[in-house]
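Trainee: I have a structure open on my screen and would like to learn how to read it. Could you take me through some of its features?

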Amino acid sequence: MLDQKTGIQITECIKKQERLCKEKDYPHFAPRSGMCWKCNRNIYQNYKIGERESNGKTGESLVTGCPHCSRTYCD
Ligand SMILES: [Zn+2]
């Protein structure tokens, strides 16, 4: 059973990522809204893609790319 996050939980992940970048002075690569501009999925949400369960980011570690389509945000 796929465990999907609520909008509130997604917002929490976005805040965690912003806080992390601020505290550690990391560049903020993740899209501010959490929406991947490549695949239109939310990087913090969990999806079932084909037979694979693709888990979203927690926001607690630095996001450098999309967990679903593997698109990097670094360039
Ligand atoms: Zn993507």
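Mentor: Gladly; we will take the features one at a time, with the general idea and then the case here.

Trainee: Where do I begin?

Mentor: Begin with confidence, since this is a predicted model. The mean pLDDT of the protein is 97, and 100% of its residues reach 70 or more.

Trainee: Which element has the lowest mean pLDDT, and which the highest?

Mentor: Among the elements of the protein, β2 is lowest with a mean of 95, while α1 is highest with 98.

Trainee: Next, the metal. Which residues coordinate the zinc ion?

Mentor: Look for the atoms that point at the ion. Here they are the SG atoms of Cys36, Cys39, Cys66 and Cys69, at 2.3 Å. Along the chain, these donors follow the spacing C-x2-C-x26-C-x2-C. One pair to look at is Cys39 and Cys66, which links distant parts of the chain: Cys39 sits in the loop between α1 (7-24) and β1 (47-49), and Cys66 in the segment after β2 (52-54), 27 residues apart.

Trainee: Are Cys39 and Cys66 buried or exposed?

Mentor: Both Cys39 and Cys66 are buried.

Trainee: Why is the arrangement around the zinc ion called tetrahedral?

Mentor: Angles are the thing to check. The ideal angle for four tetrahedral donors is 109.5 degrees. In this model the four donor atoms subtend angles of 106 to 112° around the zinc ion, so the arrangement is tetrahedral.

Trainee: Now salt bridges. How many does the structure hold?

Mentor: The general idea first: side chains of opposite charge can pair when their charged atoms come close. This structure holds three salt bridges.

Trainee: Could you start with one inside a helix?

Mentor: Take Lys15 and Glu12, whose side chains meet in a salt bridge at 3.9 Å, N to O. Both residues lie in helix α1, three residues apart, which is about one turn of the helix. Lys15 counts as partly exposed because its relative accessibility is 41%. Glu12 is partly exposed too, with a relative accessible area of 36%.

Trainee: Which residue forms a salt bridge with Glu60?

Mentor: That partner is Lys16, with the closest N and O atoms 3.1 Å apart. Glu60 lies in the segment after β2 and Lys16 in helix α1, so this pair ties together parts that are 44 residues apart in sequence. Glu60 counts as exposed because its relative accessibility is 53%, whereas Lys16 is partly exposed at 30%.

Trainee: And which residue does Arg32 pair with in a salt bridge?

Mentor: Arg32 pairs with Glu18, and their closest N and O atoms are 3.8 Å apart. This pair also links distant parts of the chain, with Arg32 in the loop between α1 and β1 and Glu18 in helix α1, 14 residues apart. Arg32 counts as exposed, at 53% relative accessibility, and Glu18 as partly exposed, at 32%.

Trainee: How do I decide whether a residue such as Asn42 is buried or exposed?

Mentor: Compare its relative accessible area with the cut-offs: under 20% is buried and over 50% is exposed. Asn42 is found in the loop between α1 and β1, and its 9% relative accessibility is why it counts as buried. Leaving aside neighbours within four places in sequence, Asn42 is in contact with Ile10, Ser33, Gly34, Met35, Tyr47 and His68.

Trainee: What does the side chain of Asn46 reach?

Mentor: The side chain of Asn46 reaches the backbone nitrogen of Gly56, at 2.8 Å. Asn46 is placed in the loop between α1 and β1 and counts as buried, at 9% relative accessibility. Not counting residues up to four places away in sequence, Asn46 touches several residues, including Leu2, Asp3 and Ser54.

Trainee: May I have an exposed residue to compare?

Mentor: Try Asn40, which is found in the loop between α1 and β1. Asn40 is exposed, with a relative accessible area of 58%.

Trainee: Lastly, how should I think about sequence separation and distance in space?

Mentor: Look up both numbers for each pair. Asn40 and His68 are 28 residues apart along the chain, and their C-alpha atoms are separated by 9.8 Å. Glu23 and Asp3 are 20 residues apart along the chain, with 29 Å between their C-alpha atoms. Glu23 is found in helix α1 and is exposed, with a relative accessible area of 62%.

Technical notes:
Residues are numbered from 1 along each chain as its sequence is written. This is a predicted model: local features need pLDDT of at least 70, side-chain atom pairs count only at pLDDT 80 or more; totals for chains, interfaces and linings use all residues. Side-chain values use heavy atoms; hydrogens and water are left out. Donors are N, O and S atoms within 2.8 Å of the metal (3.2 Å for Na, K and Ca); water is not among the atoms, so sites may look incomplete. Four donors count as tetrahedral if all angles lie between 85 and 135 degrees; four count as square planar and six as octahedral if opposite donors are over 155 degrees apart and all others between 65 and 115; anything else is irregular. Helices (H or I, at least four residues) and strands (E, at least two) are DSSP runs, numbered from the N terminus. Buried means under 20% relative accessible area, exposed over 50%, partly exposed in between (1.4 Å probe, protein chains only). A salt bridge is a side-chain nitrogen of Lys or Arg within 4 Å of a carboxyl oxygen of Asp or Glu. Contact means heavy atoms within 4.5 Å. A polar contact is a pair of N or O atoms within 3.5 Å; within protein, one must be able to donate a hydrogen and the other to accept it, and residues adjacent in sequence count only if both atoms are side-chain atoms. pLDDT is the predictor's confidence in each residue, from 0 to 100.
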